[in-house]
Amino acid sequence: MGNPKRLIIADDTKDQLEAYMFLFRSYTPDTIIDAVSDGESLVKRVRENSYNLILTDNNMPGMSGLDAIQEIRNFDDKTPIYMMSCIHDEKLERLVKQFGGNGFIRKADEKSLYELKEIITKYLK
């Protein structure tokens, strides 16, 4: 069996982070899941480790998820990065793509669970 897949999630809301981790573990129990609560920590971890998938909130203390995507793309142009946000703004969605993100997922949207499952399956199974 090869190396385990790795996922990192950045979200400053602890309950949300724990719920996502529980959900993702149910989809891919062998995946190593790291969690951080701000953009600076996300960039630091991605510099130090190799991930198969990066998921980030946007509105976090310090560096935003959007700024983190832009910073990560300065040294990693391959790892898929998806923005997750409760605030759906078409401008933000365009910026995510412009800064090198792979997609945008609405957190509070019922369809987002299906999207997340598809993304997790695509990159982590």
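Begin by selecting T79 and, leaving aside its neighbours within four places in sequence, display what T79 is in contact with: Y51, N52, L53, I54, R73 and N102. The model on screen is a predicted one, and that should be kept in mind at each stop. T79 is found in the loop between α3 and β4, and at 9% relative accessibility this residue counts as buried. Add D76 to the selection, and the side chain of T79 can be seen making a polar contact with the side chain of D76, at 2.7 Å.

**The sheet**

Two of the contacts of T79, L53 and I54, lead into strand β3, so select residues 53-56 next, the range of that strand. Both faces of β3 are covered, with L53 and L55 on one side and I54 and T56 on the other, and all of these residues are buried. In a regular strand the side chains alternate between the two faces of the sheet.

Now add strand β1, residues 6-10, which runs parallel to β3 and is joined to β3 by four bridges. Within this pairing, L7 has L53 as its bridge partner in β3, while the bridge partner of A10 in β3 is T56. Turn next to strand β4, residues 81-85, which also runs parallel to β3 and is joined to β3 by three bridges; here I54 stands opposite I81. Follow the chain from β3 through α3 to β4, and the β-α-β crossover that it traces is right-handed.

With the remaining strands shown, the view is of an open sheet of five strands in the order β2-β1-β3-β4-β5, with parallel pairing. The edge strands are β2 (32-36) and β5 (103-106), each of which pairs on one side only. Neighbouring strands of this sheet are turned against each other by 20° on average, direction ignored.

Bring in the helices that pack on the sheet. Helix α3 touches β3 and β4, and its direction makes about 175° with that of β4. Helix α4, residues 90-98, packs on the sheet as well, touching β4 and β5, and its direction makes about 145° with that of β5.

**The loop after β3**

Return to the end of β3 and select N58, which is found in the loop between β3 (53-56) and α3 (65-73). Is N58 buried or exposed? With a relative accessible area of 9%, N58 is buried, because the cut-off for that class is under 20%. Its side chain reaches the backbone nitrogen of L66 at 2.9 Å. Leaving aside neighbours within four places in sequence, N58 is in contact with S64, G65, L66, M83, M84 and L92.

**Aromatic pairs**

For the last stops, show the aromatic rings, among which the count comes to two pairs. Select Y20 and F24 first: their ring centres are 5.7 Å apart and their planes lie at 15°, so this pair is stacked. Y20 and F24 are four residues apart in helix α1 (residues 14-27), and therefore about one helical turn separates them. Both of these residues are buried.

Then select Y82 and Y123, an aromatic pair that is tilted, at 6.1 Å centre to centre and with 55° between the planes. Because Y82 lies in strand β4 and Y123 in helix α5 (residues 111-124), this pair ties together parts that are 41 residues apart in sequence. Y82 and Y123 are both buried.

Technical notes. Residues are numbered from 1 along each chain as its sequence is written. This is a predicted model: local features need pLDDT of at least 70, side-chain atom pairs count only at pLDDT 80 or more; totals for chains, interfaces and linings use all residues. Side-chain values use heavy atoms; hydrogens and water are left out. Buried means under 20% relative accessible area, exposed over 50%, partly exposed in between (1.4 Å probe, protein chains only). A polar contact is a pair of N or O atoms within 3.5 Å; within protein, one must be able to donate a hydrogen and the other to accept it, and residues adjacent in sequence count only if both atoms are side-chain atoms. Contact means heavy atoms within 4.5 Å. Two strands pair if DSSP finds at least two bridges between them. A crossover is right-handed if, with the strands pointing away from the viewer, the path from the first strand over the helix to the second runs clockwise. Axes are lines fitted to C-alpha atoms, for helices over the stretch in contact, and angles run from 0 to 180 degrees between N-to-C directions. Rings of Phe, Tyr and Trp (its six-membered ring) pair if their centres lie within 6.5 Å; planes under 30 degrees apart count as stacked, over 60 as edge-to-face and the rest as tilted.
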